[in-house]
Amino acid sequence: MGLLAYMSPLEFILTLFCISVVAGFIGSLIGLGGGIVIVPVLTLLYGIDIRYAIGASIVSVIATSSGAAAAYVRERLTNLRAAMLLELGTTSSAISGAFLAGVLHSRRLFLIFGVVMGCSALAMLKRLENRAAPAAPDAWADRLHLHGSYFDEVQGREVSYRLCHTRLGVVLMYGAGMISGLLGIGSGALKVPAMDLAMRIPIKVSTATSNFMIGVTAAASAGVYFSRGDIDPVIAAPVAIGVVFGATAGSKVLPRADNRLIRMVFVIVLLIIAAQMIWKGLR
Amino acid sequence: MEGAAMSTQGSEGKSAINAEPFGHIEVLISRLLRAGVVISLSMVAAGLLLMFIHHPGYLHSVMDLQRLTSPGAAFPHTLREVVSGLLAMRGQAVVVLGLLLLIATPIMRVAVSIVGFVLQRDRAFIVITSVVLALLLVSFLLGKVV
């Protein structure tokens, strides 16, 4: 049933707004877009239909992305050129994913979402020990001038970095975009490890670049969700506003944040929610 | 001692900012994103306010929430419904228009990037970004058909 049965529209909008602030804050820090919190909260806590939850989460992803990216792009944490190349993969796949979601059964969506979140958590946990190795030479990255640099506030210096495995990156983004379209998540949990592990982009740049890209990925499928009637304004409105407030605060924290601690906390939260979603899908 | 020497070196590194030609596009994109978010969210908030003014019952009625958020709830989900809702000054239509503007913001960002790459005469990225924009527009058209 959920909280829906005990609330007035006003109470619903106010509580959802507060939760969305937290979702936007976490989402902007880790590059996930907040959808990964919004969908389970709407379905498990409020008892809202999964399709409306996914519609609201698509909106939340775009709101987090635009809200946080405004700051990340200005501070040059985002690698714009790499982002625009990788968007080739994410946009083309998000279209096919959104159509699949209309065909699949709700319970199966829960199950897929749970497994995806579990895998994301394990990938993030692995990253804690994985130290950066020197990038292999990559002709595509050279030709398209994808290498970059950013000012790291924690280290107090300008950090230059080189990209590798550009083509593998685009293919991985296609897969990430497919899952994004299917489940209405930003799929940052898949994009960030792909950029970090395969393409050797520094963690903070990966997070900020993922944050930048997820907005376009979500926008690619948002049209489909809108015309199918999955974006309920009463649900999406407080989510959009709250998430932007949270994401703006998060974008001020990321340059100075301790990545290890945030990552550890989030992995634990992610695993708990994943287990709940899988349980609901199997029941 | 060594640590202090390191940190002064670090602060000098900051002066190297904006060495790359992409600098101006960054400011442009950042401003566009901020403007898109502020304008669209103002409309969403105004729409919510309008909704509560038209339906004071929403402040306390539990039944209303279930009707508004359960499968089959009536809200605009075509452009025609949004327009007719706006003409009737319906709060939900204003909210949806704001949400559509929010959705359009990343797409406008891609369009603005193309202009930036044209100014830089970066042929590869003019093509790449144009294809991304085309894919985005196709997805919107496909959504209309289905």
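A residue is called buried if 20 or more other C-beta atoms lie within 10 Å of its own, exposed if 12 or fewer do, and partly exposed in between, with the C-beta atoms placed from the backbone. By this rule α10(A) is mostly covered, since 17 of its 21 residues are buried; helices here are DSSP runs of H or I with at least four residues, and strands are runs of E with at least two, numbered from the N terminus. This is a predicted model, in which local features need pLDDT of at least 70 and side-chain atom pairs count only at pLDDT 80 or more, while totals for chains, interfaces and linings use all residues. Residues are numbered from 1 along each chain as its sequence is written, and chains are lettered from A and ligands numbered from 1 in the order in which they are written.

The model scores ipTM 0.82 and pTM 0.82. For chain B the mean pLDDT, the predictor's confidence in each residue from 0 to 100, is 80, and 82% of the residues reach 70 or more. The table gives the two extremes among the elements of chain B.

| Element of chain B | Residues | Mean pLDDT |
|---|---|---|
| helix α1, lowest | residues 2–13 | pLDDT 38 |
| helix α5, highest | residues 91–120 | pLDDT 92 |

Over residues 1–21 of chain B the pLDDT is below 50. Where pLDDT is low, the predicted coordinates should not be read in detail.

Between the chains, 57 residues of chain A are in contact with 63 residues of chain B, contact meaning that two C-beta atoms, placed from the backbone, lie within 7 Å. The largest share of chain A's side, eleven residues, comes from α3(A).
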